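Trainee: I am new to this structure. Please take the aromatic side chains as the part to look at closely, and then show me how they fit with the rest.

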Amino acid sequence: MDQFLTFGIVGLSTAAIYAVIGSGLVLTYTTTGVFNFAHGAAGMLSAFMYWQLTVGWGWPVPVALVVVLLVLAPGFGLLVERFILRPVQALGEAERLVMTVALLSGLIAAARWIWDPNVARPLPMFFAARKPIHLGPAVITWHQAITMAVAVAVAIGLRILLYRTRAGAEMRAAVDDRALVGLTGADPVRAGRVSWILGTQLAAIGGILIAPTINLDAAQLSLLIVSAYTAAVFGRLRSLPLTFLGAVVVGCMESYLTGYLPQNEYLPGLRLAAPALLLFLALLVFPHRRLRGRERRLARVPVPTARGTLVFAAVVVAFGAVLASLLGEADLITYGAIFSLGVVALSYVPLAGYAGQVSLCQLSMAGIGAVVWGHLGAHGQLWALGAAILVSAAAGALVALPALRLSGVYLALGTAAFAVILDRWIFTIPAFHVFGLRIALFDQGSVDVSGPHLFGLRLDSGRELMVFAAVCLALASIGVAALRRSRFGRRLIALRDSEAAYATLGGNLLVAKVAVFALASGIAGLGGALYGMQQHTVTADQFSLIAGLPIFLVAVIGGLGAVGNGLFAGTAFVGPTNALIAIAPGTANLVALLPGLAGVGLGHNPDGIVSRFRRQWEPLARDRIALPALLCALALAWALRFTDVINDWTYYGGSLVLAMALRAWASARQAEPGEPEIPVEWWGLRRDWRPEDEEVLARGVAAG
């Protein structure tokens with residue numbers, strides 16, 4: 001009984017921290033309509049700042065608390081609200097969600113840059129030297145008592161603020177109709193500003209309280225927010241009392257699992273994954289009302305032509321062949337990931353770009369594909385590649401089943417929870433047998449991955465695997481483009497625009513979602529298998545949720561509706577970053593920060609930049625003089641580089657300068673006076689009817 005009470009006290013103190021963090025999350029969402037995925041990262045950053053002031057610089061604890069909670073945390077909240085989220089307030093829910101994911105990725109990278117993750121940073125508890133408090137057989141430390149007292153004070157204070165003050169009424173009303181709130185004389189901008197300040201302060205309090213009990217690690221502290229997510233979902237993102245109840249459930253569950261979980265080699269990861277598993281179950285069981293502040297920003301998804309798709313596929317293969325012929329063996333391993341991770345990024349196009357389903361576990365699906373190929377394709381059997389795709393697709397279909405009743409923030413939370421479950425538990429399980437069949441994943445270590453047999457040849461060198469990955473990316477791009485032109489592709493677009501309208505008109509939501517999740521996961525599994533071949537050895541950490549966030553952000557920046565996004569995302573994520581590190585090794589931390597910074601800049605170009613690239617380079621592709629001249633010059637430059645007449649910098653730099661010059665010349669040659677805009681009712685009369693006009697009209701009618 002004494003042990004039970006002891007674990008109960010520990011669980012309640014942990015629950016108090018989750019309650020404080022979760023209440024800040026609910027406060028921000030309830031009052032601004034923005035679900036802040038970076039909420040835990042803000043608490044993490046505050047904990048590091050508190051350590052720096054107290055332990056690093058020797059400041060008194062009271063002074064450090066005042067500086068962090070009353071100066072630094074509010075200042076950070078103001079900066080986020082003013083320069084990051086206010087510019088995208090008018091955009092859709094998905095864009096705002098991506099902004100907070102970008103902020104999460106950026107803050108983790110920034111913390112690792114500032115504070116070396118290889119250095120231990122213990123943080124003492126409050127009043128650690130004082131004798132604990134004895135309540136019968138239970139023993140409560142002063143840190144635990146302070147934590148629970150703070151949680152009670154936060155609960156009372158938030159209740160009074162939101163329901164007993166004019167400022168609270170303004171904050172709750174601003175999310176429903178900012179314009180109407182302004183007409184009443186209130187200031188919705190001020191309400192949002194206050195919400196972000198208070199939310200960041202609550203995250204800071206939670207981060208400081210929990211930091212002494214765990215390792216001061218950027219990723220680990222940021223992912224503690226998963227437990228706060230669970231508490232917030234218990235409160236359905238709007239009820240503070242239910243959020244506190246959910247925090248108690250999560251905190252006590254973690255504590256009692258620590259004390260009473262059987263000693264078994266298959267179960268240690270279950271305790272770490274328990275909050276994510278509970279979050280996943282809560283999303284399935286609890287009813288969810290319409291998301292507050294949810295807007296849908298309809299955007300046209302381009303329809304790639306068959307000719308353009310084939311030309312693009314040929315460019316992908318040619319690009320892979322050129323790189324394979326010029327790079328050394330070490331660089332082939334590094335830059336070969338352009339095409340394999342490009343396949344993983346391409347999986348976002350049918351899933352998020354066409355069907356509008358946000359998933360944060362695509363890299364986890366790639367990990368499944370890598371593991372299946374590593375075990376079944378150990379001798380290069382090509383059928384094992386199909387098995388990797390099918391098993392990954394089956395895992396995606398499993399995720400899709402709960403997705404039938406989830407959307408937007410809830411779907412993102414569900415897929416993030418699934419990724420965390422894989423990271424912390426499933427991928428750590430040792431080999432086991434089912435009906436006599438041995439099932440092995442990462443087997444608590446690494447998995448050796450070899451290349452495939454193709455037409456009697458064993459592809460095992462870096463050059464061969466790079467070309468093979470480029471061919472796979474080209475074929476996958478052709479398939480995704482064909483999907484967009486197909487009837488099922490049009491159905492996915494309709495599903496994205498309005499699930500209710502899609503179901504009303506006879507569409508089967510379950511079939512559509514399961515199919516698109518399975519398809520996207522199969523593509524990601526193919527990318528994971530290719531990535532494993534090029535790396536030769538893979539570990540579970542390479543496919544974690546945190547590792548997948550930068551790839552997701554780069555894919556979003558490129559434009560989720562563009563088929564060329566696979567090549568763009570792979571090139572942008574792998575190429576410039578590794579090249580910059582090779583030139584200046586000291587920039588590794590800056591490079592890790594770039595995807596987050598780029599994602600934060602999404603508000604200036606929410607449609608992505610692949611479509612902009614396509615428009616800019618289209619004149620060159622149509623010019624019958626400039627394009628052949630460019631191809632001949634590139635072939636000559638390649639021959640000179642291959643024979644070592646010129647070096648790498650001359651080849652790549654000269655090719656880029658020549659291409660840009662010919663593009664500008666082709667644009668100038670084809671420049672014509674812009675035709676006046678013709679109203680839609682005169683299409684087909686004052687100008688010729690265009691193939692894309694039918695879809696534009698249909699989407700306009702549906703939106704109306």
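Mentor: A charge is said to sit over a ring when NZ of Lys or CZ of Arg is within 6 Å of the ring centre and within 35 degrees of the ring normal. By that rule R121 lies over the face of W51, 5.1 Å from the ring centre. R82 does likewise with F83, where the distance to the ring centre is 5.3 Å.

Two notes on the model before going further. It is a predicted one, in which local features need pLDDT of at least 70 and side-chain atom pairs count only at pLDDT 80 or more, while totals for chains, interfaces and linings use all residues. Residues are numbered from 1 along each chain as its sequence is written, and side-chain values use heavy atoms, with hydrogens and water left out.

As for the frame in which the rings sit, the protein has 30 helices and eight strands; these are DSSP runs, numbered from the N terminus, of H or I over at least four residues for helices and of E over at least two for strands. Of its 704 residues, 51% are buried, meaning under 20% relative accessible area, as against exposed (over 50%) and partly exposed (in between), with a 1.4 Å probe and protein chains only. Contacts (heavy atoms within 4.5 Å) often span the sequence: among those between residues at least 6 apart, 77% join residues at least 24 apart.

Now the rings themselves. Rings of Phe, Tyr and Trp (its six-membered ring) pair if their centres lie within 6.5 Å, and planes under 30 degrees apart are stacked, over 60 edge-to-face, the rest tilted. The structure holds 19 such pairs. One of them joins F35 and F37, edge-to-face, with 5.4 Å between centres and 70 degrees between planes. Both F35 and F37 are buried. Another pair is that of F48 and W115, which are stacked, 4.9 Å centre to centre, with 25 degrees between their planes. F48 belongs to helix α2 (residues 39-56) and W115 to the loop between α4 and β1 (133-135), so this pair ties together parts that lie 67 residues apart in sequence. F48 counts as buried because its relative accessibility is 2%. W115 is buried too, at a relative accessible area of 7%. Returning to the first pair, F35 and F37 form one aromatic cluster together with Y29 and Y229.

Y229, a member of that cluster, is followed in sequence by T230, which lies in helix α10 (residues 225-234). T230 has 0% relative accessibility and therefore counts as buried. Setting aside neighbours within four places in sequence, T230 is in contact with V250, P275, L278 and L279.

A second nonaromatic position gives a similar kind of reading. V154 is placed in helix α5 (residues 142-164) and counts as buried because its relative accessibility is 10%. Not counting residues up to four places away in sequence, V154 touches V20, S23 and L202. The C-alpha atoms of V154 and A16 are 9.9 Å apart, although 138 residues separate the two along the chain.

Charged pairs complete the picture. The structure holds four salt bridges, each a side-chain nitrogen of Lys or Arg within 4 Å of a carboxyl oxygen of Asp or Glu. In one of them, R614 meets E618, with the closest N and O atoms 4.0 Å apart. Both R614 and E618 lie in helix α27 (residues 610-622), four residues apart, about one turn of the helix. R614 is exposed, since its relative accessible area is 54%, whereas E618, at 30%, is partly exposed. E618 also has R622 as a partner, the closest N and O atoms being 3.7 Å apart. R622 and E618 are likewise four residues apart in helix α27, about one turn. Elsewhere, the side chains of D644 and R641 meet in a salt bridge of 2.8 Å, N to O. D644 is exposed, at a relative accessible area of 60%, but R641 is buried, at 12%. Through shared partners, salt bridges join R614, E618 and R622 into one network.
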